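Thanks for asking for a second pair of eyes on this one. Here are my notes as numbered points, to be read with the structure open beside them.

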Amino acid sequence: MRLTLSVIKADVGSVGGHTKPSSRMMATVEGEVAKAICNGLLIDGFICHTGDDIAIIMTHTRGEGSSEVHQLAWKTFLAATSVAKTSGLYGAGQDLLADAPSGNIRGAGPGVAELSFDHSLSGARPAESFMVFAADKCGPGAYNLPLYLAFADPMYCAGLMLPPMIKGFRFHVIDMDNTAGDSLLELDAPDDSYHIAALLRDNERFGIDRIISRTHGEVVVAVSAQRLHAIAGKYTGKDDPVAIVRNQGIFPAPEEIISPFAKAHFVGGDARGSHVMPLMPVPLNTPVTGMYCLPIVSCVGFSIDREGRFAESYTDFFDNPAWDEVRRRAQRKAIEMRSQGWSGAAMLPYSELEYGGFRDTVSGLLKRFRLRDDRKPEAAE
């Protein structure tokens, strides 16, 4: 079986500000996905939210970019938007930037991550397990550092020194400033590790699109590396990325993949997408209700049975007391950074301020600047 994993997420409304979707919205999405499973479009599906973003996780055999699967997600988010509008919720339909895309919805607003593989539960993959990361209040570059450390640094992933991974991984890096199309560069780790780092240090421009095993040729990571402001031409909300990461065996283990998130590393995001704040790992279905609208990330894990269904239940990786200390560290880092207010590194540079109001304020002031006349008074006469 050629199996496809698709994760499509969108913010289409939330309760009491940009906090979380309503229970009616979640029920509406769950109902539409259940119908798609019953009619055979999907093999299986799972619904969750991170902050105000709803994620639909799906298995199917339609392939990446399937118009049927993408239209299911689009129409489902439209149904949830209708519920949000009826309830008077904040930001109803916020991420649905196109009027009515006829097929693939990549570039229409929702975040899309997909990968396909031959699913047989034999050979190099006698068991198939994967994780889905979903982040809110941050951009797609938020995964640059943790994925680099997990797939290119043996200090974080000792498995890289073992025969199945010793050849390393190929990184597909995307230039997210290129609005003409997907502009990609393929670089190999460990050979090009420094070049990869030179690009990925800029979270706002360069991101990881996917990662491929150099030993087995298998796609192991897919990220929704898209910029909403580049699509819409204005601030409509932060990009809030999702990522699919296959694990175990010929790929890094779950603990090697999630350990870099213990850094609570600084990313662009937070309120109005304009600040620099730590990324805090949280359990599934966590609302954004803490101080400063902190960027958050969740991680859910699944195993897939022979028919392509999610076996048994799921694992909520960040719902563990071990992460409480990381959450406290993230809060301490956030309090310290926000104590600096609007100054310097506490906010994104002007070129990256995504909230249109900031640009309008500064643009108006720039028109009022005048060149100083340094001539002596008598020379001026």
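1. A word on the annotations before we use them: UniProt positions are given in the numbering used here, feature names are shortened, and annotations may be inferred rather than shown by experiment. Please also keep in mind that this is a predicted model.

2. Let us begin with the annotated positions. UniProt, in an unreviewed entry, gives the label "binding site" to His18, Lys137 and Arg272. These residues span 255 positions in sequence, yet no two of their C-alpha atoms are more than 10.4 Å apart, so they gather at one spot.

3. Where does histidine 18 sit? Its place is the loop between E1 and helix H1 (23-38). Histidine 18 is partly exposed, because its relative accessible area of 30% falls between the 20% and 50% limits. Beyond its neighbours within four places in sequence, histidine 18 has contacts with Asp52, Tyr90, Lys137, Val288 and Cys293. Lys137, one of these partners, also carries the "binding site" label in the UniProt record.

4. The other two members of the annotated trio make a nice pair to look at. Arginine 272 belongs to the loop between strand E11 (266-269) and strand E12 (275-278), and with a relative accessible area of 46% it is partly exposed. Lysine 137, in contrast, is buried at 6% relative accessibility.

5. Which residue pairs with lysine 137 in a salt bridge? The partner is aspartate 136, with the closest N and O atoms 2.7 Å apart. Aspartate 136 is itself buried, at a relative accessible area of 0%. In general, side chains of opposite charge can pair when their charged atoms come close.

6. UniProt's unreviewed entry also has a "binding site" feature at Asp239. Aspartate 239 is located in the loop between helix H5 (228-232) and strand E10 (242-247). Its relative accessible area is 6%, so aspartate 239 counts as buried under the 20% limit.

7. How many salt bridges does a search of the whole structure find? The total is 20. One of the pairs I would look at joins the side chains of arginine 210 and glutamate 64, at 3.3 Å from N to O. Arginine 210 lies in strand E8 (residues 206-213) and glutamate 64 in the loop between strand E3 (53-60) and helix H2 (67-86), so this salt bridge ties together parts that are 146 residues apart in sequence. Arginine 210 is buried, with 16% relative accessible area, while glutamate 64 is partly exposed at 39%.

8. A further salt bridge is formed by the side chains of aspartate 188 and arginine 214, with 3.7 Å from N to O. This pair links distant parts of the chain, 26 residues apart: aspartate 188 is in strand E7 (residues 184-189), and arginine 214 is in the loop between E8 and strand E9 (219-223). Aspartate 188 is buried at 13% relative accessibility, whereas arginine 214 is partly exposed at 28%. Elsewhere, a network of salt bridges links Arg125, Glu128, Glu218 and Arg246.

9. Threonine 4 deserves a look too. This residue is part of strand E1 (residues 2-10) and is buried, with a relative accessible area of 1%. Outside its neighbours within four places in sequence, the contacts of threonine 4 include Met58, Gly63, Glu64 and Leu115. A polar atom of its side chain lies 3.4 Å from the backbone nitrogen of glycine 63. Arginine 62, 58 residues away in sequence, has its C-alpha 7.1 Å from that of threonine 4.

10. Is threonine 286 buried or exposed? It counts as buried, at 18% relative accessibility. Threonine 286 is in the loop between strand E13 (280-281) and strand E14 (296-304). A polar atom of its side chain lies 2.7 Å from the backbone oxygen of proline 283. Leaving out neighbours within four places in sequence, threonine 286 is in contact with His49, Thr50, Gly51 and Ile296.

11. Last, the surface. Met291, Tyr292 and Ile335 make up a nonpolar patch there, with about 260 Å² of accessible area together. Methionine 291 is in the loop between E13 and E14, and at 44% relative accessibility it counts as partly exposed.

Notes:
Residues are numbered from 1 along each chain as its sequence is written. This is a predicted model: local features need pLDDT of at least 70, side-chain atom pairs count only at pLDDT 80 or more; totals for chains, interfaces and linings use all residues. Side-chain values use heavy atoms; hydrogens and water are left out. Helices (H or I, at least four residues) and strands (E, at least two) are DSSP runs, numbered from the N terminus. Buried means under 20% relative accessible area, exposed over 50%, partly exposed in between (1.4 Å probe, protein chains only). Contact means heavy atoms within 4.5 Å. A polar contact is a pair of N or O atoms within 3.5 Å; within protein, one must be able to donate a hydrogen and the other to accept it, and residues adjacent in sequence count only if both atoms are side-chain atoms. A salt bridge is a side-chain nitrogen of Lys or Arg within 4 Å of a carboxyl oxygen of Asp or Glu. Patches are made of residues with over 30% relative accessible area and no salt bridge: like charges are joined within 9 Å, nonpolar side chains (Val, Leu, Ile, Met, Phe, Trp, Tyr) within 5 Å. Accessible areas come from the Shrake-Rupley method with a 1.4 Å probe; for residues, only the protein chains shown count as cover.
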